[in-house]
Amino acid sequence: ARILTLVAVFLLALLALATVEGAKPKRKQVGVTDEEVVKAKEFALAEIVKLSDSYRDMKITKVISAETARSAFADGTNFFLKMELECKSVCAAPLSPASTCRRGHYKGVNEIIVFEKDDGHYDGIAIDEFPQMDGEYHPCTPSYKGPEKCNPAEHRTPEQAALFLDDDEEDAAKDEL
């Protein structure tokens with residue numbers, strides 16, 4: 001009788017699990033030019049650009065497909081975007097102090113999920129794989145191992161440059177700011 005009870009509990013647990021699996025939100029295909037998709041695409045690009053100095057010039061060349069689904073927590077909509085991204089990175093100034101900027105080119109297809117809450121604000125993104133530039137790190141990055149020398153002054157904002165001035169230069173720089 002005890003074994004029969006354990007088997008019954010196990011089968012009920014499997015049934016409950018199958019019910020939960022079946023409750024996943026279903027994705028719905030939407031047009032890539034749909035107004036909400038365009039807004040989600042623009043948000044995704046703005047977020048990707050923030051991820052690395054290498055991505056400053058990232059562009060979306062094509063939205064291949066778009067789907068939406070209710071979030072798993074039923075508090076918003078997820079946009080599932082398959083997009084072709086392209087970037088030519090020169091690591092232009094200013095670079096952040098701990099930059100990992102790579103010069104070079106990237107072109108590829110990425111899948112990005114944009115999380116929109118019911119109140120209309122975007123909550124973030126998820127990306128399947130971070131774009132990898134095909135070139136070298138910039139000489140002013142900690143990861144660079146080549147012979148080219150870094151000129152840090154070229155890669156600072158005026159505010160950052162003011163922190164590195166000698167006392168004689170400081171007064172003149174403050175006048176400029």
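**Asp53 and the five-stranded sheet**

The side chain of Asp53 makes a polar contact with the side chain of Arg56 at 3.3 Å; a polar contact is a pair of N or O atoms within 3.5 Å, where within protein one must be able to donate a hydrogen and the other to accept it, and residues adjacent in sequence count only if both atoms are side-chain atoms. This is a predicted model, in which local features need pLDDT of at least 70 and side-chain atom pairs count only at pLDDT 80 or more, while totals for chains, interfaces and linings use all residues. Residues are numbered from 1 along each chain as its sequence is written, and side-chain values use heavy atoms, with hydrogens and water left out.

**Surroundings of Asp53**
- Asp53 sits in the loop between α2 (35-51) and β2 (59-70); helices (H or I, at least four residues) and strands (E, at least two) are DSSP runs, numbered from the N terminus.
- Asp53 counts as buried because its relative accessibility is 16%, and buried means under 20% relative accessible area (1.4 Å probe, protein chains only).
- Leaving aside residues up to four places away in sequence, Asp53 touches Leu95, Ser96, Ser99 and Cys101, contact meaning heavy atoms within 4.5 Å.

**The sheet**
- Five strands form an open sheet in the order β1-β2-β3-β4-β5, with antiparallel pairing; two strands pair if DSSP finds at least two bridges between them.
- The edge strands, β1 (28-30) and β5 (122-127), each pair on one side only.
- Strands β3 (residues 76-89) and β4 (residues 104-117) run antiparallel and are joined by 14 bridges.
- Gly76 has Lys117 in β4 as its bridge partner.

Methods:
Buried means under 20% relative accessible area, exposed over 50%, partly exposed in between (1.4 Å probe, protein chains only).
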